[in-house]
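Please read the following report alongside the sequence and the coordinates.

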Amino acid sequence: MSEEGARRRKGIVHIQHEYCKKCSICVNFCPVKNLEIQEQKLVELGRCIACKMCQRYCPDIAIEIEEIDAKTVTTGEPGHSNGG
Ligand code: SF4
Ligand code: SF4
């Protein structure tokens with residue numbers, strides 16, 4: 001298992017707290033344990049790989065994943081930009 005690959009953030013998690021009933025379904029489905037319920041609130045820990053399992057299984061459509069485009073991510077590598 002490559003832990004480094006799993007740690008690279010690929011998605012931004014948008015949580016609609018007014019719809020989320022803290023059922024923990026998404027917490028259990030997330031393969032990288034990016035989601036957690038802390039103090040009665042769903043939080044994300046910044047290592048989403050954008051698999052969208054949470055979005056697919058949330059019964060209340062309270063969570064949405066925004067995929068991070070490769071060119072949006074800052075890699076710190078100069079001289080490599082346009083991808084088309
Ligand atoms: S899309 Fe959802 S389930 Fe997948 S890694 Fe991101 S937070 Fe976890
Ligand atoms: S599955 Fe949906 S309602 Fe349940 S904790 Fe996750 S975001 Fe909230």
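The text below covers the fold, the two ligand shells and one residue in a loop.

This is a predicted model, in which local features need pLDDT of at least 70 and side-chain atom pairs count only at pLDDT 80 or more, while totals for chains, interfaces and linings use all residues. Residues are numbered from 1 along each chain as its sequence is written, and chains are lettered from A and ligands numbered from 1 in the order in which they are written.

The protein contains three helices and four strands, where helices (H or I, at least four residues) and strands (E, at least two) are DSSP runs numbered from the N terminus. Their order from the N terminus is α-β-α-β-β-α-β.

A residue is taken as near a ligand if its C-beta atom, placed from the backbone, lies within 6 Å of it. Around ligand 1 there are 16 residues, of which Cys30, Cys48, Cys51, Met53 and Cys54 come nearest; strand 1 and helix 3 (53-57) are the elements that give two or more residues to this shell. The shell of ligand 2 includes Cys20, Lys22, Leu42 and Cys58.

In the table, Ala, Val, Leu, Ile, Met, Phe, Trp, Tyr, Cys and Pro count as nonpolar, Asp, Glu, Lys and Arg as charged, and the others, Gly among them, as polar.

| Shell | Nonpolar | Polar | Charged |
|---|---|---|---|
| Ligand 1 | 12 residues | two residues | two residues |
| Ligand 2 | eight residues | one residue | three residues |

Lys22, part of the shell around ligand 2, sits in the loop between strand 1 (11-15) and helix 2 (25-29). Its C-alpha atom is separated by 6.5 Å from that of Leu42, 20 residues apart along the chain.
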